[in-house]
Amino acid sequence: MLIVSGAGSMALPLDNLVDVLKAAGEPTRFRLLALLASGDLTVSDLTEILGQSQPRISRHLKLLAEENLIERYQEGAWAYFRLRQDGEAASLAKTLLARVNSGDPVLQRDGERLLTVKRARAERAQAYFSRNASEWDELRRLHVNDAQVERVLIDLLGDEPIDSLLDLGTGTGWILKLFAQSYRRGLGIDASRDMLSVARSNLDKAEITKASVRHGDIFNLPAESGDFDLITIHQVLHFLDEPERAIAEAARVLRPGGRLIIVDLAPHALDYLRDEHAHVRLGFSHQTMSEWLEKVGLSVEKVSDLQPSGAKGAPSLTVSIWLARAAETPVAVTAASMINTIPEVRP
């Protein structure tokens, strides 16, 4: 079955309303809207599902995009499309989709073909995940398990509402799944297209349609200043040469009063992680992280250290979690301004 969203309020001028209805009112375009309400899809995916030519599908998508009903983003050679989450036109589209008979045979057939496409996507993602599973399992044995981290994160966030979540270095999409009941919209950014395929598959399986993942540069985010009220960076910074620049870029797109959560490793001496697992930094001290956060106008509200309970004397890694908040009045700091302003600290 296709998943269609509920409706929100709308206020469109008459001419715009008519244009949107014309765009959505053609049968193939309406089927495209229903499919794109269920997640991110490529032209090839849509061609396979609808059984129509690529030029025809592309023309329909262009018309829908012109009326702000769908959004498009590029990922390497592929272009992905999805139903817009915000805006009056998107609100109207959700209203129309909510009125469709879920038993309609055409949409049911589209939904069955969509599941076939998503199953193939999941199989490709699982193949990549399996190739790297042994490496990830080795690292997991060195520090606390995800369940312990999850409990601390949920406690840190409390009941404060989340409008928009940005997860940097989203990996498997674990953070987007963890907080799916708490945010209105979510976005995951990752530099690895293979990991993005894993994340998309996981979001599909969890039927999470209000979050999407995109290829992007953590130092140059595809987002405007103040776009997000919660940003998470989970086990990413130790892979970066200049983690302070990533923090500054996160601060740029954080709303005044918004929160940043960083999960990473405390200082350690397991030097082999540099060569065998591409770790650039061997953890971060509380002092170093606090200096970086304060430099970009964020104040540290809480720090938690989670130590593994392995055998005494065995190699282990402590996981640190920092919760910081942006000032209500933004501080004008850019990622570039962080370069050479803080001395490099390597444990």
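Here are some short exercises on this predicted model, each with a worked solution.

Before you start: this is a predicted model, so local features need pLDDT of at least 70 and side-chain atom pairs count only at pLDDT 80 or more, while totals for chains, interfaces and linings use all residues. Residues are numbered from 1 along each chain as its sequence is written, and side-chain values use heavy atoms, with hydrogens and water left out.

**Exercise 1. The whole chain**

Work out how many helices and strands the protein chain has, and what share of its residues is buried.

- Start with the secondary structure: there are twelve helices and ten strands. Helices (H or I, at least four residues) and strands (E, at least two) are DSSP runs, numbered from the N terminus.
- Next comes burial: 50% of the 347 residues count as buried. Buried means under 20% relative accessible area, exposed over 50%, and partly exposed in between, with a 1.4 Å probe and protein chains only.
- Then look at contacts (heavy atoms within 4.5 Å). Of those between residues at least 6 apart in sequence, 72% join residues at least 24 apart.

**Exercise 2. A bridge between two helices**

Find out which elements the salt bridge of Asp110 and Arg31 ties together, and whether each partner is buried or exposed.

- First, the term: a salt bridge is a side-chain nitrogen of Lys or Arg within 4 Å of a carboxyl oxygen of Asp or Glu. The structure holds 16 of them.
- In this one, the side chains of Asp110 and Arg31 meet at 2.8 Å, N to O.
- Asp110 sits in helix 6 (residues 105-142) and Arg31 in helix 2 (residues 27-36), so the pair ties together parts 79 residues apart in sequence.
- Asp110 is buried, at 0% relative accessible area, and Arg31 is buried too, at 17%.

**Exercise 3. A bridge inside one helix, and one between strands**

Place the salt bridges Glu66–Lys62 and Glu301–Arg325 in the secondary structure.

- Glu66 and Lys62 meet through their side chains at 2.6 Å, N to O. Both belong to helix 4 (residues 54-66), four residues apart, or about one turn of the helix.
- Glu66 is partly exposed at 46%, and Lys62 is exposed at 52%.
- For Glu301 and Arg325, the closest N and O atoms are 2.7 Å apart. Glu301 lies in strand 9 (residues 298-306) and Arg325 in strand 10 (residues 319-326), so this pair ties together parts 24 residues apart in sequence.
- Glu301 is partly exposed at 42%, whereas Arg325 is buried at 19%.

**Exercise 4. A salt-bridge network**

Which residues are linked in a network of salt bridges?

- Go looking for Asp86, Asp163, Arg184, Arg185 and Arg255: these are the linked residues.

**Exercise 5. Two packed helices**

Describe how helix 1 packs on helix 2.

- Helix 1 (residues 14-25) meets helix 2 at an angle of about 90°, with the axes 6 Å apart. Axes are lines fitted to C-alpha atoms, for helices over the stretch in contact, and angles run from 0 to 180 degrees between N-to-C directions.
- That makes the two helices roughly perpendicular. Angles of 65 to 115 degrees get that label, under 35 is roughly parallel, over 145 roughly antiparallel, and the rest oblique.
- Lys22, Ala23, Ala24 and Gly25 of helix 1 make the contact with Pro27, Arg29, Phe30 and Leu33 of helix 2.
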